[in-house]
Amino acid sequence: MDDFYRELIIDRYKNPLFKGELDPNDISFEDENPLCGDRIRIDIRLDKFGNVSEAVFSGEGCAISQAAADLLLEEIMGKSIEGLKAVSKDNVLDLLGIDLGPVRLKCALLSLKVLKSGVYGLGESVDAD
Ligand code: ZN
């Protein structure tokens, strides 16, 4: 079981499905994990209903940080803002499927932190819908 997830992480690190940049975008945020040198920016476009229609990440870092970002963006496709707010640490850890120590945990959760910062940084007009 662990081998499956390890291969998944390496595969998504080497061949990410959601890597790139969106300009213009509706949500964009960037942050880093200085412990490991991981840096991730996430750009999101919303459709007219306010659901995620496109989401990509850019940046660099270790395999876990980059694979977690790629898997997270796949997971959030089509979600509403409320749906994005509801994504939890456990969701991300389930996607990765391997046990992580405290240092690697910061790598794994960087993309979620970036996503949440971007979502909660939105104007009230979007929040109120
Ligand atoms: Zn890392």
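Here are a few exercises with worked solutions on the predicted model shown above.

Some ground rules before you start: residues are numbered from 1 along each chain as its sequence is written, and side-chain values use heavy atoms, with hydrogens and water left out. Because this is a predicted model, local features need pLDDT of at least 70 and side-chain atom pairs count only at pLDDT 80 or more, while totals for chains, interfaces and linings use all residues.

**Exercise 1. The zinc site**

Find the protein donors of the zinc ion, their spacing along the chain, and whether each donor residue is buried or exposed.

Solution.
- Step 1: Collect the donors, meaning N, O and S atoms within 2.8 Å of the metal (3.2 Å for Na, K and Ca); water is not among the atoms, so sites may look incomplete.
- Step 2: The search returns the SG atoms of C36, C62 and C107 together with D38, which is listed twice through OD, at 2.1 to 2.7 Å from the zinc ion.
- Step 3: Along the chain, these donors give the spacing C-x1-D-x23-C-x44-C.
- Step 4: Sort by relative accessible area, where buried means under 20%, exposed over 50% and partly exposed in between (1.4 Å probe, protein chains only).
- Step 5: D38 is buried because its value is 0%, and C107 is buried at 0% too.
- Step 6: C62 has 15% and therefore counts as buried, whereas C36 has 32%, so C36 is partly exposed.
- Step 7: How many disulfides are there? Taking a disulfide as a pair of cysteine sulfur atoms within 2.5 Å, the count is zero.

**Exercise 2. Helix 1 and its partners**

Describe how helix 1 packs against helix 4 and against helix 2.

Solution.
- Step 1: Two packed helices are described by the angle between their axes and the distance between the axes.
- Step 2: Helices (H or I, at least four residues) and strands (E, at least two) are DSSP runs, numbered from the N terminus. Axes are lines fitted to C-alpha atoms, for helices over the stretch in contact, with angles from 0 to 180 degrees between N-to-C directions.
- Step 3: For helix 1 (residues 2-14) and helix 4 (residues 89-96), the axes come within 9 Å and cross at roughly 100 degrees.
- Step 4: Angles of 65 to 115 degrees count as roughly perpendicular, under 35 as roughly parallel, over 145 as roughly antiparallel and the rest as oblique; helix 1 and helix 4 are therefore roughly perpendicular.
- Step 5: With contact meaning heavy atoms within 4.5 Å, Y5, L8 and I9 of helix 1 meet D94, L95 and L96 of helix 4.
- Step 6: Now turn to helix 2 (residues 63-76): its axis lies 8 Å from that of helix 1, at an angle of about 85 degrees, so this pair is roughly perpendicular.
- Step 7: Here L8, I9, R12 and Y13 of helix 1 touch A63, I64, Q66, A67, D70, L71 and E74 of helix 2.

**Exercise 3. Two serines**

Where do S58 and S117 lie, and is each buried or exposed?

Solution.
- Step 1: S58 belongs to strand 3 (residues 52-60), and its 11% makes S58 buried.
- Step 2: Leaving aside residues up to four places away in sequence, S58 touches K19, G20, E21, R39, I40 and R41.
- Step 3: S117 sits in helix 5 (residues 102-120) and, at 27%, is partly exposed.
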